[in-house]
Amino acid sequence: MQIVKEKDASIAKIVEVLNRGGLIIFPCETVYGAAVDAANPEAVKKLSRYKQRLLGKPYAIMVSDQKMAENYAELNKTARSLYRNFLPGPLTVVSKGKHKVAAGVESENGTLGVRIPDYSFMLKLINGFGRPIVATSANASYKKRPYKINDILDNISQKQKRLVDLLIDAGELLHNEPSTVIDTTLDDTVVLRQGKVVFGQQSSVVSRSEENTQNIGKELWQKYEGYAGQRAIIFALEGPMGAGKTQFTKGLARAMGIKEEVVSPTFSLELDYGRLVHLDAWRIQSGEELENLGLKKKISDKSILAVEWADRVADTIRKYNEEAVVVWVKITYAKEENERLISWGVV
Amino acid sequence: MKILAIDTSCDETAAAVTEGATVLSNVIWSQAAMHAKFGGVMPSLAQRMHKERIDFAVRKALLTTHCTVNNIQAVAVTAGPGLAIALEVGVAKAKEIAAKYNLPLIPVNHIEGHLLSPLANHNEKVSFPALGLVVSGGHTELVLIDKIGEYKILAKTSDDALGEALDKAARMLGLGYPGGAILEKMARLGKPKTYPLPMPMARSSNKESFSYSGLKTAFFRLVSGSNSQLTALEIYDMAASFQNRAFQHLIRVVTEIGKKYPAKDLLVGGGVAANIELRKRLRKLGKELDLKVRFPYSTKLVGDNAAMIGIAAGLRFPDHDLLNTYHPGQVDRKPRWSIDVDY
């Protein structure tokens with residue numbers, strides 16, 4: 001292992017180390033990091049040996065600017081807004097990867113964390129290198145955060161030390177937190193293609209309070225409960241955050257005779273109240289995942305379902321148009337603060 | 001009595017070995033690394049990952065403590081609440097181990113695990129009745145602990161969980177999902193009184209529950225009402241304003257209800273218990289109500305983990321003889337198991 005002071009370090013020499021698959025330890029605005037060439041599978045394996053890291057835990061890459069990032073990850077609107085506001089800085093933005101880095105860098109779902117360091121030496125280095133490096137904090141997993149090189153050297157084994165080719169020493173760093181990781185892959189990109197849905201009949205009404213919205217749930221239940229036991233009934237709910245999809249379901253459940261308090265199923269994905277199954281597609285990444293929660297069986301059991309964020313899985317729900325009664329309920333914000341326009345229709 | 005504990009209720013594959021309230025090992029294999037702290041699940045993938053990793057996690061939990069299954073006296077497993085297809089992986093593995101080695105199997109409530117997690121590696125005595133608060137992505141519950149194993153829910157959320165509300169607010173600010181942890185960092189840089197947001201349930205006569213839907217709606221209006229791209233400063237202030245109101249409401253309900261009970265201790269567990277600002281406010285509340293506020297000793301006990309499951313089982317059954325309650329065949333997953341109901 002070679003140790004150089006940051007002020008004496010030559011970018012060209014470090015690039016050379018990276019190019020031959022070497023592992024470097026470097027300073028930045030958060031903590032000391034360890035890095036290798038992101039495109040070199042052997043080098044990434046070496047980094048994992050150094051970190052003594054469990055398999056399956058993804059890494060993040062460091063790039064010099066957004067342009068380089070876009071070669072390796074697909075940036076959606078959320079991601080671009082984060083890049084604009086917070087990068088360079090201590091923020092790792094997770095996007096859908098383009099699978100151009102070595103195996104094990106992207107996550108199992110194919111997502112990739114990208115960061116632009118707010119540290120001019122590193123920006124110069126990555127620029128000189130011309131492609132991303134895989135970077136992680138230089139401590140072994142679960143060990144002390146490294147703010148000076150002795151935090152590292154005192155805590156790693158001889159074996160680990162032998163894996164380090166070059167260490168760039170910038171003295172003691174400011175004690176900043178490690179970077180924060182933000183996943184932007186869950187974006188509201190799936191939009192119901194309204195054009196495909198042809199309502200047999202459609203109605204709408206204005207709600208002026210949460211209680212109003214609950215009552216509309218109750219009324220819609222009374223309208224369609226005649227189908228219960230004969231066919232499955234799906235209340236497919238759509239509407240922006242905070243519009244009242246859970247409130248609607250509360251009214252629905254109460255009208256069905258369910259005594260338990262109906263709460264948001266966003267975290268649980270599925271809450272089974274016996275007669276009613278309350279599902280939430282917000283965190284679900286595809287309609288297929290809804291099927292994996294046993295949708296087919298629920299339909300053939302003639303269950304009654306309320307599905308929040310149904311527009312995200314519209315194609316999957318549409319598959320059951322014949323077998324089930326699908327009531328689409330759309331809740332939108334109206335002019336007044338407490339007003340909502342609730343419209344519904346059966347396919 | 002050494003217990004092997006397993007938890008696969010969400011997206012962490014976890015196994016641990018505990019003895020009484022002592023954590024001997026605590027293995028957590030997260031499926032989505034750090035950004036999955038409060039959620040982010042694909043159910044079928046979660047199930048497949050649990051299946052692939054559970055043996056490794058169990059082996060590592062045992063190896064770390066230099067144990068084999070032969071040194072273990074009981075198996076504990078999270079039976080609920082949680083995602084059914086995820087829970088069943090852990091339950092099946094626990095049943096398999098219990099049957100193979102003829103060990104008693106203890107089904108544990110995941111919320112009870114969070115509730116008792118502050119007692120891990122804890123030597124001071126807790127007096128009962130005590131208050132317990134679980135704040136996570138899926139749950140917000142204030143519980144009266146009459147004694148270990150006897151719980152009464154004093155308040156719970158009527159819509160969103162606290163962690164979920166924080167995650168969703170972060171999402172509205174374009175901070176991705178789950179973003180509760182980043183919201184906390186942004187909030188530290190902002191001024192909490194910049195934007196007036198309503199106090200949840202200010203006018204409601206029902207003071208026995210938490211509610212975040214109204215606050216979420218007001219926040220949506222605030223964020224979407226801004227025509228131009230939000231500046232970093234605006235994001236900081238909005239994050240601070242939202243977090244401030246969300247915590248004020250929590251503290252208010254806990255104070256209102258808490259002062260009615262002669263408790264000396266408040267145990268706090270669950271993912272949001274990692275939030276420094278919340279910890280500060282709860283400690284202040286503790287001073288006012290003369291409560292000792294206790295948090296888990298390590299962040300590894302805050303998020304989902306199996307050590308808390310082993311501890312809940314160990315505290316409930318300190319005596320090996322009491323253990324013959326459950327036959328492995330009787331234990332099954334209970335996705336909507338409430339903490340005030342016996343298994």
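Q: In this predicted model, pLDDT is the predictor's confidence in each residue, from 0 to 100; which strand of chain A has the highest confidence?
A: Happily, chain A averages a pLDDT of 87, and 93% of its residues score at least 70. Among the elements of chain A, confidence is lowest in strand S10 (residues 180-183), with a mean of 75. At the other end, with a mean of 97, comes strand S15 (residues 304-308) of chain A.

Q: Over which residues of chain A does pLDDT stay under 50?
A: Here is a part to read with care. For this stretch the model has 13 contacts beyond four places in sequence. The stretch in chain A is residues 188-199.

Q: How are H6(B) and H7(B) oriented to each other, roughly parallel or roughly antiparallel?
A: The axes of helix H6 (residues 213-225) and helix H7 (residues 232-258) of chain B come within 11 Å and cross at roughly 170°. Angles over 145 degrees count as roughly antiparallel. H6(B) and H7(B) are therefore roughly antiparallel.

Q: How many charged residues are in the contact of H6(B) with H7(B)?
A: H6(B) brings B:Leu215, B:Phe219, B:Leu222 and B:Val223, while H7(B) brings B:Met238, B:Phe242, B:Arg245 and B:Ala246. By class, seven of these residues are nonpolar and none is polar. The charged count is one.

Q: Which helix gives the most to the side of chain B that touches chain A?
A: The contact between the chains takes 35 residues from chain A and 40 from chain B. On the chain B side, helices H1 (43-64), H4 (162-172), H5 (180-189), H6 and H7 each supply at least two residues. With five residues, the helix that gives the most is H6(B).

How values were computed
Residues numbered from 1 in each chain as written. Chains lettered and ligands numbered in written order. Predicted model: local features only at pLDDT ≥ 70, side-chain atom pairs only at ≥ 80, totals over all residues. Helix = DSSP H or I, 4+ residues; strand = E, 2+ residues; numbered from the N terminus. Contact = placed C-beta atoms within 7 Å. Axes fitted to C-alpha atoms, helices over the stretch in contact; angles between N-to-C directions. Parallel < 35°, antiparallel > 145°, perpendicular 65-115°, else oblique. Nonpolar A, V, L, I, M, F, W, Y, C, P; charged D, E, K, R; others polar.
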